[in-house]
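Please walk through this protein one region at a time, with the sequence and the 3D view side by side. The text below takes the sheets in turn, then the helices, then the ligand.

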Amino acid sequence: MRWIMMLTYVVAILITLSLMSVYILGVLTESLHKNESVNLFAKANIIADTVAGAIDVFDVFDDNADRQIEQIISGTVIRALAVNPSCTVLYDSNTEASLEGKVLMRDVINTAMQGEQAQTLSKSDDGNTIMSVAVPVMRDEKIKGVVYLVETIDDIDKTISYVKMNMIVFSVLISILVGMLSMGMSIMVTSRLDEFIKAAKEISNGNYKTRVNVSGDSELQELSDAMNSMCQALENVDETHKKFISDVSHELKTPLASIKLICDSIVDTAEPDIEMIKEFLADLSNEVDRLTRIVERLLTLTKIGNEEEQPTLTPVDFVVMLNAIMNRLRPNAEAKHILLCGDFDSADITPVLIDYDKLWEAVYNITDNAIKYTPENGTVKMELSSDAVEMSVSVSDNGPGIPESERECIFDRFYRLDDSRTRETGGTGLGLAIAKEAVLLHGGRIEVQESEMGGCKFIISIPKRTAEV
Ligand SMILES: Nc1ncnc2c1ncn2[C@@H]1O[C@H](COP(=O)(O)OP(=O)(O)O)[C@@H](O)[C@H]1O
Ligand SMILES: [Mg+2]
């Protein structure tokens, strides 16, 4: 990762600098060449003017013209030649290898003979760049010959290679600098990523207490925040899970311990009579019933709590459902001489869309509790009310009530106010948790208040969804 980041930067910089160098060198070469050719043409034109008079009788080039040409090219490396229309050299400034009297054939000379200036670049045998220009010598609007100038422009070559060298050095230095900077930067970034990788490994090992501590850069900070909240969520799920398992084990342990005790008592009795065995077996049966009840309720709870579980909505007449629950519980109420009454008159009886079984269970559980925890001769009252958006079922009693501090907790699994008493009544502490899950599944809420009758009042409210006909 680090190397890839660094190499990417270095390669990008190298490509940019190379393209820039090629362009700059191209422009520089062109402009230097242009300058030189303008200079050379200027000299060639002056010479052409100078020799225009002397070139009349072309084979006798006068000394005066010679001197003038030498003056013009003195101090330069220009070689000047003058040729007549038949391309015979009349004058050559290079006296050592003079071409005077010889015929000189060059493309540029031919072009100049047609009356046009011409220029060419070529390479000498020893690798130097040579610039040649040819201009026609005119008199009386007639071409009398051609002035041909040749110059080695290795000065320009040297300048260009000097610039090229500097650019290469510059590019290398810049690349090294960028390489070092990007390496530093990638080390900074990847070392922070290391922390994330370490944390992810810890999490996958089940250590949900892990937290990432990254400061500075906003994206990485965001990532670390997201990761930390994920850890928090995992930790919560993990804790709920563990608590649930420990609660369940604890709840199952009590009836199992009773069963063990009963069995041991029978085994330890030397000569048990049949009556005693029957009594023990009846106790045993009760404990098994209790175990069965806990397991059944747990199953109901996990089924409702399953997030994928969707309510099976059917149109239900609430009043009919409440009457059915009342009828089912009436024997329990009568056994304790409790007055169980319902007030559904003011309610709207339009069928609403609900999951019948689940809501039945929720209302049944709170009514069952009210009858169970209200002393003999008490009163339990069910009410139904509704408005445009909500349906509410309430169950009030004149029992012992629930202290305000406990009202939040009673919906927790296995939570019971008075453990020994509720155990006697066969409670599992799961009824309200089941009721709450069922209500939440409908997008509603369940709450408990003090009732006007002195006990407590449970209210289930669910959004009103009427069946579209
Ligand atoms: N109407 C009520 N009056 C007094 N206490 C109640 C009432 N309803 C529920 N409770 C208390 O809330 C606890 C939780 O109820 P629930 O979840 O149904 O469990 P249980 O199986 O014990 O009935 C009960 O054990 C009881 O202490
Ligand atoms: Mg209950």
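In what order do the strands of the open sheet with antiparallel pairing lie? The model is a predicted one, and in it this sheet of 5 strands has the order S2-S1-S5-S4-S3. Strand S2 (89-92) and strand S3 (118-123) form its edges, each pairing on one side only. Ignoring direction, neighbouring strands here are turned by 20 degrees against each other on average. Inside the sheet, strand S1 (residues 79-83) runs antiparallel to strand S5 (residues 142-152), and 5 bridges join the two. To find this pairing in the view, start from Leu-81, whose bridge partner in S5 is Tyr-148.

Now step back to the whole chain. The protein has 10 helices and 12 strands. Its radius of gyration is 54 Å, well over the 23 Å that the globule rule gives for 469 residues, so the protein is more spread out than a compact globule. Along the principal axes, the C-alpha trace spans about 160 × 65 × 35 Å. Of the 469 residues, 24% count as buried. Among contacts between residues at least 6 apart in sequence, 63% join residues at least 24 apart.

A second open sheet also has 5 strands, in the order S7-S9-S10-S12-S11, and its pairing is mixed. Its edge strands are strand S7 (339-343) and S11, each of which pairs on one side only. Neighbouring strands of this sheet are turned by 15 degrees against each other on average, direction ignored.

The pairings of this sheet can be followed from the S7 edge. S7 and S9 run parallel and are joined by 5 bridges. Leu-339 stands opposite Thr-379 in S9. From S9 the chain passes to S10 through a hairpin of 3 residues. These two strands run antiparallel, with 7 bridges between them. One residue to look for here is Lys-381, which has Ser-396 in S10 as its bridge partner.

At the other edge, S11 and S12 run antiparallel and are joined by 6 bridges. Arg-445 has Ser-461 in S12 as its bridge partner, and Gln-449 stands opposite Lys-457 in S12. The hairpin of S11 and S12 has 5 residues between the strands, and Gly-454 takes a positive phi there, near 110 degrees. As background for reading side chains along these strands, in a regular strand they alternate between the two faces of the sheet.

Helices lie across this mixed sheet. Helix H7 (residues 318-335) lies across S7, strand S9 (379-386) and strand S10 (390-397), and runs at about 175 degrees to S7. H8 lies across S7, S9, S10 and S12, running at about 20 degrees to S10.

Which residues of H10 are buried? The helix is mostly covered, with 10 of its 11 residues buried. They are Gly-431, Leu-432, Ala-433, Ile-434, Ala-435, Lys-436, Glu-437, Ala-438, Val-439 and Leu-441. For a residue to count as buried, 20 or more other C-beta atoms must lie within 10 Å of its own. The list therefore records how crowded each position is by that count, and Lys-436 and Glu-437 are among the buried residues. What covers the buried residues of H10 includes helix H6 (274-305), H8, strand S11 (445-450) and strand S12 (456-463). After H10 comes Gly-443, whose phi is positive, near 75 degrees.

The ligand brings H8 and H10 into the account again. Helix H8 (356-373) and helix H10 (431-441) each supply at least two residues of the shell around ligand 1. Which helix gives the most to the shell around ligand 1? H8 does, with 4 residues. There are 23 residues around ligand 1, and those that come nearest are Asn-369, Leu-417, Gly-427, Gly-431 and Leu-432. Two of these names, Gly-431 and Leu-432, have already appeared among the buried residues of H10. By class, the shell has 11 nonpolar, 9 polar and 3 charged residues.

Note on methods. Residues numbered from 1 in each chain as written. Chains lettered and ligands numbered in written order. Predicted model: local features only at pLDDT ≥ 70, side-chain atom pairs only at ≥ 80, totals over all residues. Rg over C-alpha atoms; globule rule 2.2 N^0.38 Å. Buried ≥ 20, exposed ≤ 12 C-beta atoms within 10 Å, placed from the backbone. Contact = placed C-beta atoms within 7 Å. Near = placed C-beta within 6 Å. Nonpolar A, V, L, I, M, F, W, Y, C, P; charged D, E, K, R; others polar. Pairing = 2+ DSSP bridges. Axes fitted to C-alpha atoms, helices over the stretch in contact; angles between N-to-C directions.
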